[in-house]
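Work through the exercises below with the sequence and the 3D structure at hand. Each task is followed by a solution in steps.

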Amino acid sequence: MTQQKIDFIEELEWRGLLHQCTDEDGLRKYLADPERAPRKVYAGFDPTADSLTIGNLVPIMLLAHVKRAGHVPVVLMGGGTGLIGDPSGKSAERSLITDQTVEANVHAQQPIFEIVLGCVEGPKHCVVNNVDWLGGLGYIEVLRNIGKHFSVNMMMQKESVKERLHNREQGISYTEFSYMILQAYDFWKLFYDDQVAVQVGGSDQYGNIIAGIDLIRRISFDLIKSVPMLAAEAQAAAAAGQIELAASLAKQAAMYAASPEPESFGLTAPLVTKSDGSKFGKTETGAIWLTRERTSPYAYYQFWLNASDDDVIKFLKIFTLLTKDEVDELERGHVDNPGAREAHKKLAQCATAIIHGKKEAEQAENASKALFSGDIVSLPKALLEDVFANIPSSDHSKADLENQSVDLVELLVETKLAQSKRQAREFLANGSVSINGSKITPETKLALEHLLHDEIIAIRRGKKAWHLTRWN
RNA sequence: GGGCGUGUACCCAAGUGGACAAAGGGGGCAGACUGUAAAUCUGCUGGCAACGCCUUCGGAGGUUCGAAUCCUCCCGCGCCCA
């Protein structure tokens, strides 16, 4: 079934994904022209790690909407810019990462785009890597052709730079200071070579995006301006009998004269915030990642399920592809009966499905149901294995169970459910620990009778921390 | 280069010779109540073989029966003067 194409800007608007736009009316017109569709829209991603976090998911969703609107999403991997480091939003100079690492990270991140954009209807997306053009750039060339268009005065006005300039503890290196030039050049390059005229990103990217738009305008203006001069030179060369030179100059003049209208657009999504003011995307265990090696589907599902009431509708709009009607209905249900947590469940389900697939999402859902009902005991072995597939586990000796020599305090530390023995004792005293879903006291001794399916004991600390032990 | 400050646990911050593993706040964790939410209340928040022991108040030495606290040197940071 082919879905109705959406209107890009309107879609972003109701989803709360539209923060800034350099020329909203212009962009509307640009995207609406059926003669010239599909248009190309890009977002850049810096390969600073071998995975992406849910912070990066926002621009990815922007690209997904680009695709749904019938345009071509272009993923720009920062294989070149990643070697430099974006100072935006960073309070300290970062140490450079090796080009091998950057390359490996680019490689590792790529599947994420395939997955998310792959499951959306619309024109096929494409992936480019800016090391392909930045890598071969010469220093003199950059200074003459690009650097000339940047005013240092303007660059120093940039918030992220200004902050670092006034901070004596953490200055900014020439390297990071120059980052903006490279990102601007990316936009110019994509605009000129591939007709990519729209860049989207997070609000922290607005300055860099503007710099790109500016550069496009300036270079285009220069090119057009140089046409009469080139033509005159060509004529002069022809008159002097320098046929080859004349031809080459004339060709250049023609090419410049035909260069595209320097019409380019930038659009940003707002920074995602949480109602309680804490940082979005972080939990006690760290950032939430988009690959299962770093954040299991279960943990990912749990993250969304645990969203605060005040955030859940907002997150549904941003991080799922549910329609406005569907979200509105969930919102009504949520207002009427927040205790049912229907909106939370849907959010967790859809958000997990986008990244890890429907099947994993279902598994995560089943696991969540089983774990939080506390009814582990009645689960058949296969389902139990399934439920715990994403949860840390460890192996132990059955003989210790037979003679009841297992020290719970030690076991809690061993399974990382407690950080120290002191803390483990505290948890036991507080009644925070349960075995197979039922609470235990500090006096409880682990014994053979606790084994499920003759080999498994599930330990839970608090509401959310589980560990599976196998005894052989 | 000179002067005056300042550096304490995850963060802020008290402590200026013994009662100091170090007040208070924030954050975090756990418990109760709930809905795996929020708010609220309670407990915990350096470690251990635990009425004791070990490690920790920027670093290295020193004075002392005893140092986060006093002295010397070094390092970091802030403000002022040059």
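**Exercise 1.** Is lysine 398 buried, partly exposed or exposed?

*Solution.* The structure is a predicted model. Step one is the cut-off: buried means under 20% relative accessible area, exposed over 50%, and partly exposed in between. Step two is the value for lysine 398, which is 21% relative accessibility, so lysine 398 counts as partly exposed.

**Exercise 2.** Find the salt-bridge partner of lysine 398 and state which parts of the chain the pair ties together.

*Solution.* Start from the side chain of lysine 398: it meets that of aspartate 454 in a salt bridge, with 3.4 Å from N to O. Next, place both residues. Lysine 398 belongs to helix α19 (residues 398–402), while aspartate 454 sits in the loop between β11 (438–439) and β12 (456–461); the pair therefore ties together parts that are 56 residues apart in sequence. Last, classify the partner: aspartate 454 has a relative accessibility of 52% and so counts as exposed.

**Exercise 3.** Describe the salt bridges that glutamate 11 makes with arginine 15 and arginine 68.

*Solution.* Take arginine 15 to begin with. Its salt bridge with glutamate 11 has the closest N and O atoms 2.7 Å apart. Both residues lie in helix α1 (residues 8–15), four residues apart, about one turn of the helix. Arginine 15 and glutamate 11 are both buried.

Now take arginine 68. The side chains of glutamate 11 and arginine 68 meet in a salt bridge at 3.0 Å, N to O. This pair links distant parts of the chain, with glutamate 11 in helix α1 and arginine 68 in helix α3 (residues 54–68), 57 residues apart. Glutamate 11 and arginine 68 are both buried.

**Exercise 4.** How many salt bridges does the count come to, and which residues are linked in a network with Glu10?

*Solution.* The criterion is a side-chain nitrogen of Lys or Arg within 4 Å of a carboxyl oxygen of Asp or Glu. By this rule the count is 17 salt bridges. The network that holds Glu10 also includes Glu13, Glu24 and Arg28.

**Exercise 5.** Compare the phi values, locations and exposure of asparagine 436 and aspartate 454.

*Solution.* Begin with the background: most residues other than glycine have a negative phi. Asparagine 436 has a positive phi, near 50 degrees, and aspartate 454 has a positive phi as well, near 70 degrees. As to location, asparagine 436 is in the loop between β10 (433–435) and β11, whereas aspartate 454 is in the loop between β11 and β12. As to exposure, asparagine 436 has a relative accessible area of 6%, so asparagine 436 is buried. Aspartate 454, at 52%, is exposed.

**Exercise 6.** Which residues form a nonpolar surface patch with Tyr139, and where is tyrosine 139 placed?

*Solution.* The patch consists of Tyr139, Leu143 and Tyr174, with about 360 Å² of accessible area together. Tyrosine 139 is in helix α6 (residues 139–146). With a relative accessible area of 54%, tyrosine 139 is exposed.

**Exercise 7.** Locate alanine 429 and give its separation from isoleucine 440 in sequence and in space.

*Solution.* Alanine 429 is found in helix α21 (residues 421–430). Its relative accessible area is 60%, so alanine 429 is exposed. Alanine 429 and isoleucine 440 are eleven residues apart in sequence, and their C-alpha atoms are 9.5 Å apart in space.

Conventions:
Residues are numbered from 1 along each chain as its sequence is written. Chains are lettered from A and ligands numbered from 1 in the order in which they are written. This is a predicted model: local features need pLDDT of at least 70, side-chain atom pairs count only at pLDDT 80 or more; totals for chains, interfaces and linings use all residues. Side-chain values use heavy atoms; hydrogens and water are left out. Helices (H or I, at least four residues) and strands (E, at least two) are DSSP runs, numbered from the N terminus. Buried means under 20% relative accessible area, exposed over 50%, partly exposed in between (1.4 Å probe, protein chains only). Patches are made of residues with over 30% relative accessible area and no salt bridge: like charges are joined within 9 Å, nonpolar side chains (Val, Leu, Ile, Met, Phe, Trp, Tyr) within 5 Å. Accessible areas come from the Shrake-Rupley method with a 1.4 Å probe; for residues, only the protein chains shown count as cover.
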